[in-house]
Amino acid sequence: MNQPKVTEQLRGLEAAPAESVPTPPGTPVRPRVKLVDRSQLTWQMLDVERLIDPDHAARAIWDLVGRLKLDGFYARIEAVEGGVGRTPWDPRLLISLWLYAYSRGISSAREIARRCTYEPAFQWLCGLGEINHHTLSDFRVEHDASLRELFVQVLGVLSTEGLVSLQRVMHDGTRIKACAGADSFRREERLKEHLEAARQRVAAMGDPRQEEPKRKRAAQERAVRERQQRLEQALEEVQKARQAKRHDKEQARASQSDPQARIMKQSDGGYAPSYNVQLSTEASHRIIVGAQVSQSPNDFIHLIGAVAQVEANLGRKPAQVVVDAGFTSRENILSMAEQGVDLVGPLAEANLSWAGQQRQRGVSEKFDLDKFSYDAKKNVYRCPAGKILRHKGREFGPGVVIHKYTAKIETCAVCQFRSQCCPGNHYHGRSVTRAERSPTLTQFAQKMQTDAAKAIYRQRGGVAEFPNAWLKDKLGLRQFRLRGLVKVGLEVLWAALTYNIQQWIRLSWRAKLTLANNN
Ligand code: SF4
């Protein structure tokens, strides 16, 4: 017996008007509802232009990118008008897609490709076209120089619109986790074992030029080859660390996931494979005017390069740079003074006097530093017993050079004052230190005691840490997706570019649009 289709049954239920079916007395009344019919095929009119509002951020990004010179991006395109071959997507579109995606905290090429099929802003940007995620991921890392040029061009637009003032720049560093786990670090021996196994797997796959593997197999083989490359790079990094004598053979390790990542201390006190991201932010409108990535966790070595980068990006140096105590090294203070850049930042506590330590060691006040006389001509000290303490070496502290002077152990060992002067010294004689500040360093220290400098410094946290927090919280850059110093640098550049464009949309584009609509 032929059963009526379910949809026909449902249609029947829906179509039956309540008044046409007399309800016998006492029968419970059934509610009447519209039922869903998913068996139908429909056509819909879709106005792509009206998918998003006139003031949508995607339109602002599209407009801005359209105003920029993208010659570097177009130069790599081989397809020409009238020629054969597949027509690639317009770089203006791919740039806009990546910028809009980053602004939404999306950094996955697959996710962008997926959203292009259903999310209105992505659909509007690509005109309902479908974009392969390989195209997107390749584009993100293929245009290093052009992307840097784009960053500079956007700074030019912001500067023209009065949003960039270099009167005061706040500089700060932040650690961002690498695409590697802490347990991916291996010593040289283990790396060699893994590399040998990877080489054998690659050799077993045969020559990729001789075969046409299927897509899935090709992806698997590419992953094996990339693993071999990473292991080779990790081995190189371990050997470089040993040659540079940073670590001995036992200590030297590198990540087999991202060989260029380094273990760094995090803000929560823990340690993780990371990169050190340095950002220079101008104070008036919080625009990022310089962005760098480094493998070194030390902040102070990056300040001179950061100022040079700001000058390269905008054609002039910042008038004033505000930093935290991690940047106020002697070299930085002197270099900024030499370049005419007003540096503002607290001096870290310098080890200017060892008197407290000496007292702990049982040294009598009669043998404190001020009881030793300094002979500047000979650069020696003379102790209360009249013996010579010679210059032994020097250490550089923040804004100060500490010179060390030591007496011979043979002299102190037989001295009648030894129990009061250097009671704990068994292998070397008494030592004293002399702190030396250059006029520049002295002036810097005096300036940082003034209320004006302290007031400026108090503004630092609000400005310098704003883009750091924005990149991590709004753009989702808490961990890199890409591996290696170059690609990680590109990821930071995309994020910094997105951040600047978001500032431009907020401060300029939306304001102009509102004004135009009101007129
Ligand atoms: S212990 Fe050495 S430094 Fe101290 S007073 Fe004697 S000789 Fe001089």
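Contact means heavy atoms within 4.5 Å. The model is predicted, so local features need pLDDT of at least 70 and side-chain atom pairs pLDDT 80 or more, while totals for chains, interfaces and linings use all residues. Residues are numbered from 1 along each chain as its sequence is written, and side-chain values use heavy atoms, without hydrogens and water.

**A buried asparagine**

Asparagine 313 sits in helix 11, residues 303–314. Helices here are DSSP runs (H or I, at least four residues), numbered from the N terminus. Is asparagine 313 buried or exposed? Asparagine 313 has 15% relative accessibility, so it counts as buried. Buried means under 20% relative accessible area, exposed over 50%, and partly exposed in between, with a 1.4 Å probe and protein chains only. Setting aside neighbours within four places in sequence, asparagine 313 touches Phe151, Val152, Leu155, Val289 and Gly290.

**Two crossing helices**

The axes of helix 4 (residues 91–103) and helix 19 (residues 485–518) come within 9 Å and cross at roughly 80°. Helix 4 is therefore roughly perpendicular to helix 19, a label for angles of 65 to 115 degrees. Axes are lines fitted to C-alpha atoms over the stretch in contact, and angles run from 0 to 180 degrees between N-to-C directions. Helix 4 brings Ile95, Trp98, Leu99, Tyr102 and Ser103 to this contact, and helix 19 brings Glu491, Trp494, Leu497, Thr498, Ile501 and Gln502.

**Empty space**

On a 1 Å grid over the protein atoms alone, a cavity is a set of points where a 1.4 Å probe fits but cannot get out. A pocket is an open set with protein on both sides within 12 Å along at least five of seven lines. Lining residues have an atom within 4 Å of a point. A volume is the space filled by probe spheres set on the points, which are joined across faces, edges and corners.

The largest pocket holds about 1200 Å³. Of its 29 lining residues, Ser137, Arg222, Glu226, Leu482 and Lys487 are the closest to its centre. Helix 10 (215–243) gives the most to this lining, with 9 residues.

The structure has 4 cavities of 30 Å³ or more. The largest cavity has about 120 Å³. Among its 16 lining residues, the closest to its centre are Cys383, Ala385, Cys412, Cys415 and Cys421.

Ala, Val, Leu, Ile, Met, Phe, Trp, Tyr, Cys and Pro count as nonpolar, Asp, Glu, Lys and Arg as charged, and the others, Gly among them, as polar.

| Site | Nonpolar | Polar | Charged |
|---|---|---|---|
| Largest pocket lining | 8 residues | 10 residues | 11 residues |
| Largest cavity lining | 12 residues | 1 residue | 3 residues |
| Helix 4 with helix 19 contact | 7 residues | 3 residues | 1 residue |

How values were computed. Parallel < 35°, antiparallel > 145°, perpendicular 65-115°, else oblique.
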